[in-house]
Amino acid sequence: MGKAFSDKTVDSLFALVRCGMGTGEAPSEFSLNDAGWNEVLAMASEQAVTGLVFSGVSALPDSCHVPDSVTFRLMQEAFRIRSKSEAVTGVMGKVLGLFSDAGLHPVIIKGPEAAAFYPDPSLRESGDLDIFFYGEEFVKALEVISSRGIAVSSFPDGSTHYLFEGVDIDQHGKYFDLHCKESLLPEIPSAEATLLMLSAHILKHSISSGIGLRQICDITLAYSSLEYNA
C-alpha cells in the first residue's frame, strides 16, 4: 500500500473484505472514528476491493454504527462498480458472439472468470477483458477484429490489445503466464488450469507491478469454490 495506515484500520479492512467474500463472519463489534473510516475507504479504493467492503458493511449488525456519509459513499461506489461490470459483461457478450459467428472458440480468462467465484460477481471491480484463443485461432481472431477497422497493438509477451466499444481487450495465445512443457500443464478448461492460471498471474505481478489485494481475493475464492485434485 502506498501510504502507511494504522493496524486498526488495516485489520478493519480485512475483516470487512472477509465478510464481503463470505469467508468470515460479520464482526459483532466494529468501532471506527471518521478518520478511520476514511482510511478504510482509501485502502479499499487503492486495492480495488470497495465492492467487497460495501458487502461487508451491509452485513454488519445494527449495533455497529456506520456513519451515514460512509454508507452513502459506499452506495455510490457500488453503483459505479456494478455499472462498469454491466458494461463489460455486455461487451463480452457481443465480442464472444462475434468470434463464435466466425467459427472461433474464445475463452474468457482472469477478470470475469474470477468474478464468477464472488458472492455478488457484479461487485468485483472490472478492469480489462482477457480472451484466450487456441493455436491458429489467435491469428484468425485478430483478422476478425481488423476487418471491423479496429486498431490492434502488440505486447512483448506476444499478446495483443484493442478497444472494443470502449472496453480494453487483451487477447492471448497462451492461457498460462508460464514457460514449460505443454505436457506438464493441466487440461484446459479445468479447475486445476484455472488455479494455475491465477497463481501464475500473481507471480507475474509479483515480479513487475506488484500484487494487489483483489488478486489475493480472486484466488482465495477460486480455491474455496472449485473442486480440484490437490
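Q: What makes strand 1 and strand 2 count as a pair?
A: In this predicted model, strand 1 is joined to strand 2 (residues 129–132) by three bridges, and the two strands run antiparallel. Pairing requires at least two bridges between strands, so strand 1 and strand 2 pair. Within these two strands, isoleucine 109 stands opposite aspartate 130 of strand 2.

Q: Why are strand 1 (107–109) and strand 3 (153–154) called edge strands?
A: The open sheet has five strands in the order 1-2-5-4-3, and its pairing is mixed. Strand 1 and strand 3 each pair on one side only, so they are the edge strands.

Q: Which strands does helix 6 (residues 137–146) lie across?
A: Helix 6 lies across strand 4 (160–164) and strand 5 (167–172), and it runs at about 35° to strand 4.

Q: Why are helix 3 and helix 4 called oblique to each other?
A: Helix 3 (residues 50–58) and helix 4 (residues 68–101) pack at an angle of about 130°, with their axes 9 Å apart. Angles of 65 to 115 degrees count as roughly perpendicular and those over 145 as roughly antiparallel; the angle of about 130° belongs to neither class, and therefore the two helices are oblique. The crossing of helix 3 past helix 4 is left-handed.

Q: How do you know that helix 3 and helix 4 meet, and which residues take part?
A: Contact means heavy atoms within 4.5 Å, and Thr50, Gly51, Val53, Phe54 and Val57 of helix 3 meet Leu74, Met75, Glu77, Ala78, Ile81 and Arg82 of helix 4. The residues of this contact divide into seven nonpolar, two polar and two charged.

Definitions and conventions
Residues numbered from 1 in each chain as written. Predicted model: local features only at pLDDT ≥ 70, side-chain atom pairs only at ≥ 80, totals over all residues. Heavy atoms only, no water. Axes fitted to C-alpha atoms, helices over the stretch in contact; angles between N-to-C directions. Helix = DSSP H or I, 4+ residues; strand = E, 2+ residues; numbered from the N terminus. Parallel < 35°, antiparallel > 145°, perpendicular 65-115°, else oblique. Left-handed = near helix turned anticlockwise from the far one by under 90°. Nonpolar A, V, L, I, M, F, W, Y, C, P; charged D, E, K, R; others polar.
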